[in-house]
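Subject: Structure for your review

Dear colleague,

Please find below the structure that I am handing over to you. I would be grateful if you could keep it open while reading the notes that follow.

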Amino acid sequence: MRFDIFSVFPSYLNSLQLSLVGKASVAGAIDVQVHDLRDWTTDKHRTVDDTPVGGGAGMVMRADIWGKALDTAFVEDVGVENPRRILAIPTPAGHPLTQEICVDLAERCDQIVIACGRYEGIDSRVATHYDSHDDIEVFEYSLGDYVLNGGEVAALALVEAVARLVPGVIGNPESLVEESHGSAGLLEYPNYTRPLDWRGESVPPILTSGDHGRVARWRRDEALRKTALRRPDMIAALDASTLDRRDRAVLGQYGWYWPKNPDVGAHPVRPVTELSATPEVASHYSELARRTFPDACPQDMLASDIDAFMDAHLGRDMFTTYMESADWLLIGLRDTRGALIAYSLSSIPDGDGVAGEEDGAPVDTVLAAGPRKGPLIELSKFYLDRQWRGSGLAGMLMTATLEELSSRVREWERPYLWLGTNTGNKRARSLYTKLGFEKVGNRHFTVGEQNNDDIVMARTLDVTY
Ligand code: ADE
């Protein structure tokens, strides 16, 4: 790989003779040539700039000087037939430079010519002109959303980031995989060395355990955590199908979820809680409720009974009522694209009573027989769209539900939340157990003509499970 760097401050680039890049040049793995742009001027003041056409502040670098200089680089023999040449122009108005781009440049380019602008930049015709050459690709790039005095620092950054990816420059190519922005798509885990204790800070003990499997897992957990906190954009870009159960647990703490069996290329999402849905979206709730309610019914229940129940309780009008009444709390979760993927519906008694009594046998008797006293809120509906079951999203929905209910009934003494779930629905029962509910009794629940046996479960409102 050959680099040609043009600048009006060539000595700025002397540091390229140091360290890894310097060594790689001496060893011949890369060839770095620095040029003084003023060598292509003809006037006594060695002028490279002029005032902007059309007016405005500052000076613009002249296309004719740049043209003469760059032409000399693009005719250089770089040791391959039909070389792939890039003209890289650092500018705060360029594409953000990323590791992915650097990998691409290192892998498929033979020559990178860097034109360091100063002042207000380089006459725009320079980029247009070289872009029209079939054998030259123009790449205007930026180091970040801030303005430097010129392109030299950005040239140093590009040479260093690309050169270290050229085969033979770095001794241990494996170190390129785990580093930040490596192929794992995560920021790198924290690193430590001796002394193991320093100013009261010790190295995490797991790193000295000698258990390579646990060390690797710990490092991945830390990489996930760091990335979730600092670069949510990188989490959103991960391929969810490559993430495991433990990744799910770690990222769930930061609000990231993905369907249980994601398609290849599906990405994690950070669902948004909808606490005060308005009637315009009642149909979203009704559609989700009708899609999910049958899954909680026993197999032998008549489809006509299920339909009649859904017509009576899960229609658009009913959801409008739930939204508008203080006796109900409706909470939804939406994915990144705004689709409703889960909801809960709680019925709040207006005093010290028991919500949900009219739905079945007297639960209050069941509950009163136990240690529970105080007002009882009914968790009437708690549903996730099918592909989201087993994703951990139920925990998020439950937390949001408990928090909101707690804030609504703050003045109540020891309120409890209860629910009824069909005896045969083992999946639901184990989920609710995980979410802090315990069985407190039984009840009958009528859908159509059919009397169903339900298990009654209950829990306090504190968000612990
Ligand atoms: N020149 C001036 N500011 C720059 C930036 N942020 N990135 C690249 N080149 C620049």
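How many residues lie between E11 and E12 in the hairpin that they form, and which residue in the turn has a positive phi? The hairpin has 5 residues between its two strands, and Gly 338 in the turn has the positive phi, of about 95 degrees. Please bear in mind throughout that this is a predicted model.

The strands around this hairpin

Strand E11 covers residues 328–334, and strand E12 covers residues 340–347. The two strands pair in the antiparallel sense, with 7 bridges between them. One position to find on the screen is Ile 331, which stands opposite Ser 344 in E12.

E11 is also joined to strand E10, which comprises residues 272–274. These two strands run antiparallel as well, and 3 bridges connect them. Here Glu 274 has Gly 332 of E11 as its bridge partner. E11 therefore pairs with both E10 and E12, since at least two bridges are needed for two strands to count as a pair. As for its surroundings, E11 is mostly covered, with 6 of its 7 residues buried.

The domains

The domain assignment divides the protein chain into domain 1 (2–171), domain 2 (183–269) and domain 3 (272–460). Between the C-alpha centres of domain 1 and domain 3 there is a distance of 63 Å.

The ligand

Which residues surround the ligand? Among them are Pro 90, Thr 91 and Pro 92, as well as Tyr 141, Ser 142, Leu 143 and Gly 144. The shell also includes Tyr 146, Val 147, Leu 148, Gly 150 and Ala 154. Sorted by class, this shell has 8 nonpolar residues, 4 polar residues and no charged ones.

Several backbone atoms approach nitrogen atoms of the ligand. For Leu 143, a backbone N or O atom lies 2.9 Å from a ligand nitrogen. For Thr 91, a backbone N or O atom is found 3.2 Å from a nitrogen atom of the ligand. In Gly 144, a polar backbone atom is 3.3 Å from a ligand nitrogen. Taken alone, the ligand exposes 260 Å², and the protein buries 97% of that area.

Two elements give two or more residues to the shell around the ligand, namely strand E5 (85–96) and strand E7 (136–142). Of the elements, E5 gives the most, with 3 residues.

Yours sincerely,

A colleague

Methods:
Residues numbered from 1 in each chain as written. Predicted model: local features only at pLDDT ≥ 70, side-chain atom pairs only at ≥ 80, totals over all residues. Heavy atoms only, no water. Near = heavy atom within 4 Å. Polar contact = N/O pair within 3.5 Å; in protein donor to acceptor, adjacent residues only side chain to side chain. Areas by Shrake-Rupley, 256 points an atom, 1.4 Å probe, with all protein chains shown as cover. Helix = DSSP H or I, 4+ residues; strand = E, 2+ residues; numbered from the N terminus. Nonpolar A, V, L, I, M, F, W, Y, C, P; charged D, E, K, R; others polar. Domains from an automatic or database assignment. Buried < 20%, exposed > 50% of the residue type's maximum accessible area, 1.4 Å probe, protein only.
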